[in-house]
Every structure is written in C-alpha cells, then in structure tokens.
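This report describes selected helices and individual residues of one protein chain. The sequence and structure are shown first, and the description follows.

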Amino acid sequence: MSVFLRAGKIVVGAPLRLTARLSAGLLAAAAVLAGAAAAQSSAPPAAQAGASLGGQASAPGQAQVIRGIAVQGNERIESRTVASYLVVQPGQYADPELLDLGVKTLFNTGLFSDVTLTMRDDGVLLIDVDENPIVNRVILEGNKRVKEDKITEEIQLTARSVFTRSKAQSDVQRIIEVYRRTGRFAATVTPKVTPLEQNRVDVIYEIDEGPKTGVAKVNFIGNEAFSSSELRGVLLTKESRWWRFFSSNANYDPDRLEYERDLLRQFYARNGYADFQVVSAIAELTPDRKDFFITFTVDEGEQYTVGDVRVKTTLDRLDEGSLEAIVPIRSGQTFNGDKVKDATESITFATGALGYAFVDVRSRLDRNPDAKTVDVTLQVNEGPRVYVERINIKGNTRTLDKVIRREIRIAEGDAFNRVLVDRSKARLRALQYFGEVEIEEKPGSAPDRTEVDVSVTEQSTGSFSVGVGVSSTENFIVDFSIEERNLLGRGQFLRLRAQASSRTRQIDLRFTQPYFLDRNLAAGFSLFNTRTDFIEVGIVRNRIGFGLNAGFQVSEYGRGSLQYQFARDNITFDQITPFAGITDPAEIEPLLAPGIDPAIAIQPLASGVGFGVASCDLLVNSFSSTCTSRGRFITSLLGYSLSFDTRDNPIDPTRGWRVNVSQAFAGVGGDVNYLRSEGSIAYHKRIFRGFVFRTRFRGGYVTGYNGDDVRVQDRFFEGASTFRGFEVAGVGPRFITPPQPGSGVGGAFIDRNGQLAGTQALGAKVYAIGTAEIRLPLPLPPEYGIRAAIFSDFGTVGLVDERDKEINDFVNLFVDPDGDGIFVEPVQDDLSIRISAGVSVSWDSPFGPVRFDIAEVFRKEFYDRTEGFRFSAGTNF
C-alpha cells in the first residue's frame, strides 16, 4: 500500500469566500508524516532504517530507494522544472520529511492548486499536479468615482499572471485601501472568477463604492492659548460643508492624521510653545457610517521667549557680530522654531557667498523653565571638505543632458556648495520645462566625495491652441498659436502666432536659441505684421518688419541683451467731420488748415446733404499730434537691456528682487529719431502665514532729437493693467476736442458717468508708477488656481512736445466741457500724482485665465478716464 502527500486544492468558482485556511489534505499529510517521524524516532535504528514509502518491502535495516521521478498533470510547466523543486533525487532514500518539504515547496511557488506525491511499487516517485489557472483579464465593475488606472496600479493580478486565491484576497484589500484614501470607508469589493478554456480565468472585482465619508466635526481638548477655530485653520483636513464639494480635504483620510499632528506641533513651535505635544488623535465613525468625528487631545505647555542669541565661530575671516546681525532672531521675541532654521540657512548662505564652501552651522537651544526663555547659540565651524564626485541627471526622457547641466552652477570636481545647489534648482525651475525639480546629495566613493542627483519631471512644453476671449479692453479676442519652448529637447524656443481682436490684428514668428554655438549667448529673430487701432488716439497703424536679438550673462544673477528692429509703419487717420447744415463750401474754407486745397478737402456727403472734411484738414485739429503722426515711416532701432534677478521662484516669488534697465535708440537709418529709456525694480518678501508683500517701481522717458518730435505711437500710454483704476490710456495728457463751428459734431462733454468724454489721449514722454501689493492666502486648495491680492497703484504720467501745445495759444479754441462758463485749454498736460487702490482676483479656470480688478481712484485730474471694474477671460480648445 502506497503512502502519498497532497497539498490542498484551491477550487475556482463563483463567487469566492475570501477566508484563508489550510486544506484538509495538507493537514492530514502533515499529521501522517509527524506520526511516522515520531514512530521512527522512538524505534530502534534498525527499525528506522527499514521504514519505506511503497508497497515494495525493504530488506531489514534498509529504506526504499527512489528509482525514478515522474510528473503528470502539468500542461505549461516542464516536468524537469516541477521535479527541481524536490530536495530528493533518484538513487536516494525516500525520507518522509524531505518529501514533505518538497510538497510544501511546490505548493508555495503559487503555480499549483493541488500537489500529490505517490511512491509506486516499482520505486518511481510520482508527482501529480494541478496547475493554477492563468488570468485572461481583470475586470473592474462599479468604479465610477475612482479611475481604473488608479486601481490597476495597486493590484497584483494582471492579464497573463498566475491566479492564486491569496493574490485575490490581497487585491480586495488594496482596492478597499484605495477607496479609503479618497474618503469612502463604506466601499466593499466582491471578487468573482469565471473559468475559461485552456485553464484560463477572468477575474472580476465588483465594487460598491458607497458614499463619501466626510468629517462631521474636528474637536480639540486641552487647548487654552488658541481657540478650536484657530487650530482648525492650521489643519489640512476641513470639516465637510456644502461649499467644499470640490475639496478632497473635507474627507477623512487616516494617512493624513499623522501629518495633522505635525502641523499642530509646527504651529505651536512657531508661537513659542516648545514643550507642546499631541497626546492623542482619535477618529470615530458616526453610527450611519457617513462621517467621522476627529478629536485631538493636546498638552500646550508653557510659552517661551527668546533669551540670549549668540553666534560663535572658529573661522578667522568671519566676524561674529556681523553674523549676529543677519540672524532673524532677537532677544525678547516669542520663540519661533522656524526662525532657528531660517537663521541656520541665512548663515550658510552668507558664509557661502564669502567663499566658505565647507561650513557646518549647528544650533543649540538651552531652555530655562523658570524664566521661560530659550537661549539660542549658533556655532559656525569649518565643516568637512566634500567635493562633487558625480552629477547624475534623472527623469529627462526628452530634454538633452547638456540643457540641464548648463543650468547647474557646480561641476564635477568642485567643492560642494549649498548656495550654488539652491541657485541651480531655481534656474532649472525658471526654464519651465519641468513640473518638479529635486536636487539631492548622496555619499560618494569616499568620505570626502558626494554625488549629486538632479531629478526632474518633464512637463509639456509645446502647445497648439485656438483661443477665444473677452476683455474690457479688446471686447473680443481670437487667438491661434503654435509654440514649443523646448524644441527637440534642445531648449530652443519657437512660436507662430496669429491674433485678431476689435483693436489688433497680428501675425508673428519668433525663434530663440538660448545657447548659440554652445556658448552662454542667446540669439534669435522675429518676423511680424500687425495692424493696431489706437481707438483712444484716433489712428490706425499698420506695421511690418523684423527683429534680431542676442542675450548674454553678465553675472550669476544678471543678464544683458542687444536688440535691433527694422519696421515700416503706415499711420492713417480716416475720420471725416460732417457739415450737414452748410450748403456753400465757401463757408467751410476759413476752417481749413493752412496749405489745404479746398477743392480736394471739401467733398459732398454720401447723403447728398452738406459736405465733409477729413478731420486732420481742419485748423482746429491740425495742431494735434494725432494728425502730425500721419504718413509712412521707417524705424531702424538699436537697443539694449540689463536685468538682475534674485527671486526664489520666477513664477510665484516669495522673496528676492528684480531690476531691469533698457534703452532704445531709433535713428540708425530710417525716418524716426528718438531715444527711449525705461527702468523697473520689484521686491518680494514673505511677511507671515502665506502673506507676501510685493512692491514695484517703474519709469520711462522718451525724447526726440535732430529736430524730430516724438510721434504719438512711440509715446507711453498707461492705464488698465498698468495703472489699475484707469481706462486704457486713461491717465496722462489729453486733447479736449473743441466744438466744430457749423458742424453737426460737438466738442468734449460730460457723459452720464460724470466723466469728460469727446477727448483723445496724446500719450506721454514721461511716466513714473509704483505699486504696493499684498498677496492674500486663501482657504482654498492650490489646485484651484485662485489668487487674490490687495493693491495700491500711484504715480504720474505726462509731458508732451511744445508743438502739441500750440493750439493752446488760440483763446477762441478753449473749451467749456461741463457748461459752467469756465473755459480750459484744449491740451491738458499735468505731471500731478494719481492714486488708486483695490482688490485683484485671478483664476486659472478650466475655460482659460480669468482676472478681475476692482479699483477706486483717490486722486486724479478732471480729464482722466477712470473705471472701477475690469475683467478679462479666455479659453483654449
């Protein structure tokens, strides 16, 4: 009679009950083997040697020998592979313990649902197996709130993998965990298996997502210094409310609970509670299983202030007093743990800038419980000398290595410098080629060597867009553009753009090579054709031309550029002034400007009643810079610019400054002669808790030479987005139109909004405008893309050429716009201060960028044009 060992068989059916248990066959086999082993161990040696696993009797004192191994039941797996899992070979004795180990090994491979070992009478060991089925496909049913790819990346069973019950059990728990992370704790998963031919199965996971589990209330116990409302504002988790239907933070996430404890510790540490601790954080599910109650029990401890602040150093060239001056901690202040970290970074940056690449800054905090103070000591010593052994670039699947390496401020073999590492990170972010940039250091081949890993996550740098939009300025906008900021992964910029609006029609092509001939020299060109309707001025400009530019590095934070532009302008002013009440052209002749031929200028109106004259042919308008700017001109312009930028993030800065200076010289050939100079400076600083202060000052001056005045289209026009609270070109010099004698067209007047209408902007030769702005932290997730700020704009805009004011010499052309009997000069130019303030809100909406500006003007001139609200919106599709 034969003895056999058998592993439990997994029966595949529908549906499965996911409970793990050892099969009865395996338990029985183990019991048989255990009894046999016990009997052998208690028997005399001769009896043990005579034990065998077959019907064939052995000679006394001799166990049965395995004469061969046979495998049956296998379809996909080769017989040699199955036999290789046994620890016995032909010619060896059939030891029950070794055979038991072989059965378990075969079963643990996960390849078989049933394994049986049988010792036949002829001495052949027969391995009978049932292979586990192969997964044909995995089907998810009922997942509406979670995308399929979020689930499939978590589960183990996939198409063409081996099906086992344990993997199915594990997948169920993984899917449930995915749903718990999204706040759905009532989710259930039922697995089903459908057998197919050729030992294949379809695995189906039926998902009941259940309702989203919210946060009913967040409670605090033990808090005295801060209210529960203040502490709730510190947490990332928010209580579920109807207006938070977009927020994922209003759902309970157990993985977030530990992070919330850390946020509370950081908050109390910033406010001087150095002994604070979270005693417990408990989440309790409501009886209806729809929400959680979260309770934090805290021990605040005592509030500490800063005692003595000292900086000590063993480096000869560093002055302790100078280092203490840059430390953002002062005695008597409320102790703030973040400021200790900031002080360490400030000293590291300062010493790095002085040439100390190897500096070790350690902080020591000495608490005085009786005095409730913390003494801060910063020890600055020379750190271990570490050199960069290798720089590894990771994650760039498209961008060439050299494009990244040329932005890194350290090279292999250089001394490791944290300041330069941080600067490299900022430069890589400024490229806007990558969504994430991380620079980490890891040990090198020796204690004084380090490797620098630069990991980037590439983002889309090319776009094809057709856009429509509206704004207070353009009314409607249609935009078509093809743009690539990282052409062929070489960092080159290429853009073809066509735009049409109520004011502008343009098409332009631009190309820039940032590292021309692999040198730190940018080179590029542009081609353009534009038509611009200067509605506020009354002219239309058609411009066609090209430009060349070159850029170069002047310092670590500074960059310069040279530009050349050649453009041909055609300036037209086609407005006709009607004289409907006049039947004799001779009555109009005295109104014409000198040198105008009446036979050509005075033409019958299309209606057949009266006459019309081109507005610029009239004496009253002939002095206007609008009319003197008519004609065809060629502009040949050479310019340069210098900029210095120390901002921490060029996209969303929170600290640092930026300075820009530029000049343009028109007159290198062509018909136009002027010199334009502009400059700006901006400063950013984080104040506290998400508030960022920003101030900016900019100014410009343009003047003609060689007897040329500055044409109106070459002057400065400020307002709208450049001086909020005023219309486009709404601030600065204006021409108040006098009434046309004998014409049906009146002069300037007061409109229904109480503003002076019937005027023309003249543009200015000088402007100086400042902005003070505070960006506000909003209780909204960053992914919403909503930002808000309060602002104040202030400055002056003015100064025109003397020729523009010649009309002011004619008293008979003075105007009385509001009819109060007070006449004023037609050309108004005053360099007085204007001031406005308001609120700005921007939203990166799914339909395109949207911006709202609400402003109130506190100081202006009577001829300025103001607006209290401005918006712009657009979309790409």
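## Helix α8

In this predicted model, helix α8 covers residues 254–270. Its 17 residues should span 24 Å at 1.5 Å a residue, and the end C-alpha atoms are 26 Å apart, which agrees. The buried residues of α8 are Arg-256, Leu-257, Glu-260, Arg-261, Leu-263, Leu-264, Phe-267 and Tyr-268. Viewed down the axis of α8, these buried residues fall within an arc of 160°, so they line one face of the helix. An α-helix has 3.6 residues a turn, so residues three or four places apart point the same way.

The partners against which the buried residues of α8 pack are two strands that carry the numbers β9 (277–285) and β10 (291–299), together with β8 (214–221) and the helix α7 (228–234). After α8 comes Gly-272, with a positive phi near 95°.

## Helix α4

Helix α4 comprises residues 96–108. For its 13 residues, a rise of 1.5 Å a residue gives a span of 18 Å, and the separation of the end C-alpha atoms, 18 Å, agrees with this. Within α4, burial applies to Pro-96, Leu-99, Asp-100, Gly-102, Val-103 and Leu-106. Seen along the helix axis, the buried residues of α4 lie within an arc of 160°, so they line one face. Glu-97 and Asn-108, by contrast, are exposed on the other side of α4.

The N-terminal end of α4 is capped by Asp-95, which places a side-chain oxygen 3.1 Å from the backbone nitrogen of Glu-97. Beyond the helix follows Gly-110, whose phi is positive and near 80°.

## Helix α6 and Asp-171

Helix α6 runs over residues 165–181. It has 17 residues and extends 25 Å from its first C-alpha to its last, close to the 24 Å expected at 1.5 Å a residue. Its buried residues are Ala-168, Gln-169, Asp-171, Val-172, Ile-175, Ile-176, Val-178 and Tyr-179. Among the elements that cover them are α5 (148–152), β6 (188–196) and β7 (200–208). Gly-183 follows α6 and has a positive phi, near 90°.

Which side chain of opposite charge is nearest to the buried Asp-171? That side chain is Arg-174, at 4.6 Å, and Asp-171 has no salt bridge. Not counting residues up to four places away in sequence, Asp-171 touches Ile-155, Gln-156, Leu-157 and Tyr-205.

## His-684 in strand β29

His-684 belongs to strand β29, which spans residues 674–688. Is His-684 buried or exposed? Its relative accessibility is 7%, so His-684 counts as buried, the cut-off for burial being under 20%.

With neighbours within four places in sequence set aside, His-684 is in contact with Arg-647, Pro-653, Thr-654, Arg-655, Gly-656, Phe-693 and Arg-694. A separation of 8.9 Å is found between the C-alpha atoms of His-684 and Arg-696, which are twelve residues apart along the chain.

## The chain as a whole

The secondary structure of the chain consists of 15 helices and 40 strands. The chain has 877 residues, of which 42% count as buried. Among contacts in the chain with a separation of 6 or more, 60% are accounted for by residues 24 or more positions apart.

How values were computed: Residues are numbered from 1 along each chain as its sequence is written. This is a predicted model: local features need pLDDT of at least 70, side-chain atom pairs count only at pLDDT 80 or more; totals for chains, interfaces and linings use all residues. Side-chain values use heavy atoms; hydrogens and water are left out. Helices (H or I, at least four residues) and strands (E, at least two) are DSSP runs, numbered from the N terminus. Buried means under 20% relative accessible area, exposed over 50%, partly exposed in between (1.4 Å probe, protein chains only). Lys and Arg count as positive and Asp and Glu as negative; His and the chain ends are not counted. A salt bridge is a side-chain nitrogen of Lys or Arg within 4 Å of a carboxyl oxygen of Asp or Glu. Contact means heavy atoms within 4.5 Å. The expected span of a helix is 1.5 Å times one less than its number of residues. The arc is that of the directions from the helix axis to the C-beta atoms. A polar contact is a pair of N or O atoms within 3.5 Å; within protein, one must be able to donate a hydrogen and the other to accept it, and residues adjacent in sequence count only if both atoms are side-chain atoms.
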